Amino acid sequence: MKKYLSAVMIATLAIACSPKEEETTVDYTTLSDAERLEVAKKIAHETIMVDGHVDLPYRMKVGGFTIQREILDVSVRTDGGDFDFPRTKEGGLDAPFMSIYIPAGLQSIPGASKALADSLIMMTERLTTTFPDKFAMAYSPADIEANFEKGIISLPLGMENGSGLEDDIANVEYFYKRGIRYITLTHGTDNLIGDASYDTTSTYGGLSEFGEQVVTEMNRVGIMVDLSHVSDNTFRDALSVSKAPIIASHSSVRKFTPGFERNMSDELIQAMAKNGGVMMINFGGSFIDSAYATGTAKVREHLVNYMVENNMSRTDSAFEAYAAEYVASNNPFPTVQRVADHIDHVKDLVGVEYIGLGSDFDGVGDSLPTGLKDVSMYPNLIAELLKRGYTREEIEKICYKNVFRVWKDVEDYAASQK
Ligand SMILES: [Zn+2]
């Protein structure tokens, strides 16, 4: 006969109670790692989890998803990539924003960016019509809640690069009607809307005049303004123009990656919080630790030297085997703890109300941290947050409540303009 309930049983029982009761009864920090992981898995499955940025549509495009021949079929477990239905279910992910990603290289070809956006949207829609018991479109927090109740994965749409609007302000409303619910104003280079973080040209010194119109029109129709990828000046300009809270769909904290403008400085994080927005933390190795970027360059250099010294080519099986092992044991992959460090930093600086998750899965190659390699692994991050004393309520805010708050504010503002 058991003399006492194990800690994990107590924690599990407590979860069945209301969050208020639970917070007074459970100290997750006292559990063992294994017990905490079980609690984390339960929370991941009971809580709606939104991810601000998953690059599946572009991966499907490259992998050739078609209705006749499903070359890349993500309804079943896939060999490569970070996302598929079984792993999404394992990880407790419910609403990954599908990135309608438009490469900056298309910006010089009139019409090409809009055409690609349309085709990626259609491809995502086709996924939901092909597997209606697994995936569904979602155009609002209410849609996500309804799909969650049915156990169906929601696929909300975010357009990564405002170049898809071409030079026509009417396309903002067009893409709202096509289901786009956020637009990342720029991608890798400056576009008609404004300056990008990776581009040093500084075409406008921030947001362009057209960009100001775009932000105002996005507010009017109810599309969230996404400030990942923009330059600091564009970020500040867009914040001052936007009448509704903004998001950063996949950006991390610059403090851990000095000089990397793609991440957010403390000043921008504070400005974002003042605006009531949310920053969704990117998991990519070079986003969460600058030591990764320098370390991985050294690994590459060693491998090139090894190849030359041993008279091998990149495709030799002996070289491939050596490289795989060398990378696995020498690449300085960050860990899930490092991602939690970013969350801690934002929480300490402005509060837990402004944090979300924006993994960039299927978009950052194999740079992902140990313990967060694909969509099945969110519970590892939740377990780490529990270990650091985060409450269930705080974790729910990070998983979906914060981004839902922003999204609803954006919906409300648009409704007030009708
Ligand atoms: Zn991106």
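In this predicted model, the side chain of Glu166 reaches the backbone nitrogen of Gly111 at 3.0 Å. Glu166 belongs to the loop between strand S5 (157-160) and helix H8 (170-177), and it counts as buried at 17% relative accessibility. The points below treat this residue, a second buried loop residue, Ser75, the salt bridges, of which the whole structure holds 27, the buried residues of helix H10, and the two cavities of 30 Å³ or more.

**Glu166 and its surroundings**

- Apart from neighbours within four places in sequence, Glu166 is in contact with Pro110, Gly111, Ala112, Ser113, Lys114, Asn171, Leu192 and Phe210.
- Gly111, one of these contacts, is the residue whose backbone nitrogen the Glu166 side chain reaches at 3.0 Å.
- Glu166 is classed as buried because its relative accessibility of 17% falls under the 20% limit.
- Met98 lies 68 residues from Glu166 along the chain, and the C-alpha atoms of the two are separated by 20 Å.

**Ser75 in the loop between H4 and H5**

- Ser75 is placed in the loop that runs between helix H4 (56-63) and helix H5 (85-91).
- With a relative accessibility of 8%, Ser75 is buried.
- The side chain of Ser75 makes a polar contact of 2.7 Å with the side chain of Asp73.
- Beyond its neighbours within four places in sequence, Ser75 is in contact with Phe85, Pro86, Phe131, Lys134 and Phe135.

**Salt bridges**

- A search of the whole structure gives 27 salt bridges, among them the pairs Glu46 with Lys42, Lys347 with Glu394, and Lys401 with Glu396.
- Glu46 and Lys42 are bridged at 2.6 Å, N to O.
- These two residues are about one helical turn apart, because they lie four residues from each other in helix H3 (residues 33-46).
- An α-helix has 3.6 residues a turn, so residues three or four places apart point the same way.
- Both partners of this pair are partly exposed, Glu46 with a relative accessible area of 35% and Lys42 with one of 28%.
- Lys347 and Glu394 form a salt bridge through their side chains at 3.3 Å, N to O.
- This pair connects distant parts of the chain, 47 residues apart, with Lys347 in helix H15 (residues 336-349) and Glu394 in helix H17 (residues 392-416).
- Lys347 is partly exposed at a relative accessible area of 25%, whereas Glu394 is buried at 16%.
- The side chains of Lys401 and Glu396 are joined by a salt bridge of 3.0 Å, N to O.
- In that pair, Lys401 counts as partly exposed at 29% relative accessibility, while Glu396 is buried with a relative accessible area of 9%.
- Lys42, Glu46, Arg392, Glu393, Glu396 and Lys401 belong to one network, joined by salt bridges that share partners.

**Helix H10**

- Helix H10 (residues 232-241) has as its buried residues Asp232, Thr234, Phe235, Ala238, Leu239 and Val241.
- The elements that cover these buried residues include helix H9 (209-221) and helix H11 (266-274).

**Cavities**

- Rolling a probe the size of a water molecule over the atoms shows where empty space is left.
- The count comes to two cavities of 30 Å³ or more.
- The largest cavity has a volume of about 40 Å³.
- Thirteen residues line the largest cavity, and those closest to its centre are Leu227, Val230, Glu261, Arg262 and Met264.
- By residue class, the lining of the largest cavity comprises five nonpolar, four polar and four charged residues.
- The second largest cavity has a volume of about 30 Å³.
- Its lining is made up of Leu357, Tyr378, Leu381, Ile382, Leu385, Ile395, Ile398 and Cys399.
- Helix H16 (378-387) and H17 each supply at least two residues of this second lining, and H16 gives the most, with four residues.
- The lining of the second largest cavity has eight nonpolar residues, no polar and no charged.

Conventions:
Residues numbered from 1 in each chain as written. Predicted model: local features only at pLDDT ≥ 70, side-chain atom pairs only at ≥ 80, totals over all residues. Heavy atoms only, no water. Buried < 20%, exposed > 50% of the residue type's maximum accessible area, 1.4 Å probe, protein only. Polar contact = N/O pair within 3.5 Å; in protein donor to acceptor, adjacent residues only side chain to side chain. Contact = heavy atoms within 4.5 Å. Salt bridge = Lys/Arg side-chain N within 4 Å of Asp/Glu carboxyl O. 1 Å grid on protein atoms, 1.4 Å probe; cavity = no way out; pocket = protein on both sides within 12 Å on 5 of 7 lines; lining within 4 Å. Points joined across faces, edges and corners; volume = space filled by probe spheres on them. Nonpolar A, V, L, I, M, F, W, Y, C, P; charged D, E, K, R; others polar.
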